[in-house]
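Colleague: I would like to learn how to read a structure of this kind, feature by feature. Could you take me through it slowly?

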Amino acid sequence: MRKDTTATRKRIIDTAEILFAEKGVEATSLLDITRAAKQKNRSALQYHFKNKEGLLHAVLDKHALPIAKLRTAKLDALEAAADYSLYQLVEALVEPMASLLDNNNGGSEFIKIHSELMSSEQFRQFRQARDKDHADVQRMQAMALPFVDASNADALRSRGLLIGCLLIHGLAAYLPQQDSLPRAVFLHSLIQGITDLFQQSGAP
């Protein structure tokens with residue numbers, strides 16, 4: 001890919017990331033992004049990403065792929081040790097995502113966008129399709145099964161839904177509080193809360 005083409009693609013992704021986080025994914029149009037990215041050629045966005053969902057995939061992949069790589073490395077280390085706790089497994093789920101709090105190249109924006117998408121009806125199918133590709137999360141869930149009461153499938157799905165909300169919405173809620181609330185305290189509470197959810201009884 002030519003350098004100018006790569007630069008244009010990056011500029012569009014970075015601009016979309018900022019606007020999606022500030023205005024919301026649903027409220028941001030392709031025209032908004034084209035203008036903010038200073039693209040004179042209005043077809044540039046369609047050329048690189050085809051449509052809004054294609055651009056959104058690129059925005060999310062900017063951080064999702066490194067997160068998956070880091071999470072996989074943590075799970076590899078736990079499996080190699082062959083002796084781990086549920087709390088340590090949850091750490092492997094949470095810490096790669098929480099590392100975005102220190103990422104000045106769109107980390108906070110990624111968290112905000114994810115939080116919106118979790119409750120967006122317009123992008124429900126988009127979100128579900130991406131969730132199926134999260135092999136690292138599925139691997140972590142499989143490794144957690146020995147610690148979990150899986151006797152009730154509906155209860156298990158309910159816990160999975162709540163765990164995702166606690167992780168994503170929790171980090172989004174922490175963003176404006178991080179200057180006044182110590183990171184270590186918050187992350188321990190988050191990890192422990194998810195650990196406790198995993199260990200709930202399967203029966204209502």
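Modeller: Let us start with the lining of the largest pocket, whose residues divide into 23 nonpolar, eight polar and nine charged. Please keep in mind throughout that this is a predicted model.

Colleague: How many residues line the largest pocket, and which of them lie nearest its centre?

Modeller: The lining is made up of 40 residues, and those nearest the centre of the pocket are Asp131, His134, Val137, Gln141 and Gly164. The space within this largest pocket comes to about 1,400 Å³.

Colleague: Which helix gives the most to that lining?

Modeller: That is H9, which contributes eleven residues. At least two residues of the lining come from each of helix H4 (52-81), H5, helix H6 (107-118), helix H7 (124-131), H8 and H9.

Colleague: Stepping back to the chain, how many helices and how many strands does its secondary structure have?

Modeller: The count is ten helices and zero strands, and along the sequence this reads as α-α-α-α-α-α-α-α-α-α. The C-alpha trace spans about 55 × 35 × 35 Å along its principal axes, and of the 204 residues in the chain, 40% are buried. Among contacts with a separation of 6 or more, 74% join residues that are 24 or more positions apart.

Colleague: Why do residues three or four places apart in an α-helix point the same way?

Modeller: The general idea is that an α-helix has 3.6 residues a turn, so residues at those spacings point the same way. A case to look at here is helix H10 (residues 183-198), whose 16 residues reach 23 Å from the first C-alpha to the last, close to the 22 Å expected at 1.5 Å a residue. Its buried residues are Phe186, Leu187, Leu190, Ile191, Ile194, Thr195, Leu197 and Phe198. Seen down the axis of H10, these fall within an arc of 165°, so they line one face of the helix.

Colleague: Which helices do the buried residues of H10 pack against?

Modeller: They pack against helix H5 (86-98), helix H8 (135-144) and helix H9 (153-174). If we turn to H8 itself, the buried residues are Asp136, Val137, Met140, Met143 and Ala144. Viewed down the axis of H8, they fall within an arc of 120°, so they too line one face of their helix. The cover over these buried residues of H8 includes H4, H5 and H10.

Colleague: Is Glu17 buried or exposed?

Modeller: The reading depends on relative accessibility, where under 20% means buried and over 50% means exposed. Glu17, which is found in helix H1 (residues 3-23), has 3% relative accessibility and therefore counts as buried. Leaving aside residues up to four places away in sequence, Glu17 touches Val59, Lys62, His63, Asn105, Gly106, Glu109 and Ile113.

Colleague: And where is Lys38 placed?

Modeller: Lys38 sits in the loop between helix H2 (30-36) and helix H3 (44-49). Its phi is near 55°, a positive value in a residue other than glycine, and at 72% relative accessibility Lys38 counts as exposed.

Colleague: What is the phi of Lys50, and in which loop does that residue lie?

Modeller: The phi of Lys50 is near 75°, again a positive value in a residue other than glycine, and Lys50 lies in the loop between H3 and H4. With 70% relative accessibility, Lys50 counts as exposed.

Conventions: Residues are numbered from 1 along each chain as its sequence is written. This is a predicted model: local features need pLDDT of at least 70, side-chain atom pairs count only at pLDDT 80 or more; totals for chains, interfaces and linings use all residues. Side-chain values use heavy atoms; hydrogens and water are left out. Helices (H or I, at least four residues) and strands (E, at least two) are DSSP runs, numbered from the N terminus. The expected span of a helix is 1.5 Å times one less than its number of residues. Buried means under 20% relative accessible area, exposed over 50%, partly exposed in between (1.4 Å probe, protein chains only). The arc is that of the directions from the helix axis to the C-beta atoms. Contact means heavy atoms within 4.5 Å. On a 1 Å grid over the protein atoms alone, a cavity is a set of points where a 1.4 Å probe fits but cannot get out, and a pocket is an open set with protein on both sides within 12 Å along at least five of seven lines; lining residues have an atom within 4 Å of a point. Grid points are joined across faces, edges and corners, and a volume is the space filled by probe spheres set on the points. Ala, Val, Leu, Ile, Met, Phe, Trp, Tyr, Cys and Pro count as nonpolar, Asp, Glu, Lys and Arg as charged, and the others, Gly among them, as polar.
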